[in-house]
Amino acid sequence: MYIRNGDTVQVLVGEDKGKRGQVTAVNTKKSKVTVQGINVARKHIKKGHPQSPQGGRLDIEVPLHACKVALIDPTTDKPTRVGFRYLDDGSKERYAKKSGTSLGLVSPPKASRAKKA
């Protein structure tokens, strides 16, 4: 999956469209991401619950599907798609498709992927 914990994303669809937030959790099996302050739902809790002994309502961030958010490009500060590429030493990195800026390494160098001189 191209989105990771700590990335800043922008919501593309829904009632929170246009809002930005940081990714707090990623579920790769279901392709879902939880974004801080986005897609908040209320959960009602009875008295005596360990989270809230007095009872009441809790605000919970509900996961969004990963296709509904776009990563923010660090250089242009706009939403962008993400690609993967191999560097000369054989390491794999994520990059922003609009500007070509590196978003960090994904895997360490592999001799089989290194470019021959």
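Thr 8 has Gln 22 as its bridge partner in β2. That contact belongs to the antiparallel pairing of β1 (residues 8-11) with β2 (residues 20-27), which runs over three bridges. Please keep in mind that this is a predicted model. Here is a short tour of the strand pairings, followed by a charged patch on the surface.

**Around β1**
- Besides β2, strand β1 also pairs with β7, and three bridges join β1 to β7 in the antiparallel sense.
- Within β7, Ala 70 is the residue that stands opposite Gln 10.

**The open sheet β9-β10-β11**
- Three strands make up an open sheet, arranged in the order β9-β10-β11 with antiparallel pairing.
- β9 (82-86) and β11 (102-107) are the edge strands; each has a single partner strand, so one side of each is left without a neighbour in the sheet.
- On average, neighbouring strands of this sheet are turned by 30 degrees against each other, direction ignored.
- Four bridges connect β10 (residues 92-96) with β11, again in the antiparallel sense.
- For a landmark in this sheet, look at Lys 92, which stands opposite Ser 107 in β11.
- As a general reminder, side chains in a regular strand alternate between the two faces of the sheet.

**A positive patch on the surface**
- Lys 78, Arg 81, Lys 97 and Lys 98 come together on the surface as a patch of positive charge.
- One of these residues, Lys 78, is found in the loop between β7 (69-72) and β8 (79-80).

Notes: Residues numbered from 1 in each chain as written. Predicted model: local features only at pLDDT ≥ 70, side-chain atom pairs only at ≥ 80, totals over all residues. Heavy atoms only, no water. Pairing = 2+ DSSP bridges. Helix = DSSP H or I, 4+ residues; strand = E, 2+ residues; numbered from the N terminus. Axes fitted to C-alpha atoms, helices over the stretch in contact; angles between N-to-C directions. Patch = residues over 30% accessible without salt bridge, like charges linked within 9 Å, V, L, I, M, F, W, Y side chains within 5 Å. Areas by Shrake-Rupley, 256 points an atom, 1.4 Å probe, with all protein chains shown as cover. Salt bridge = Lys/Arg side-chain N within 4 Å of Asp/Glu carboxyl O. Lys, Arg positive; Asp, Glu negative; His and termini not counted. Charge placed at Lys NZ, Arg CZ, Asp CG, Glu CD.
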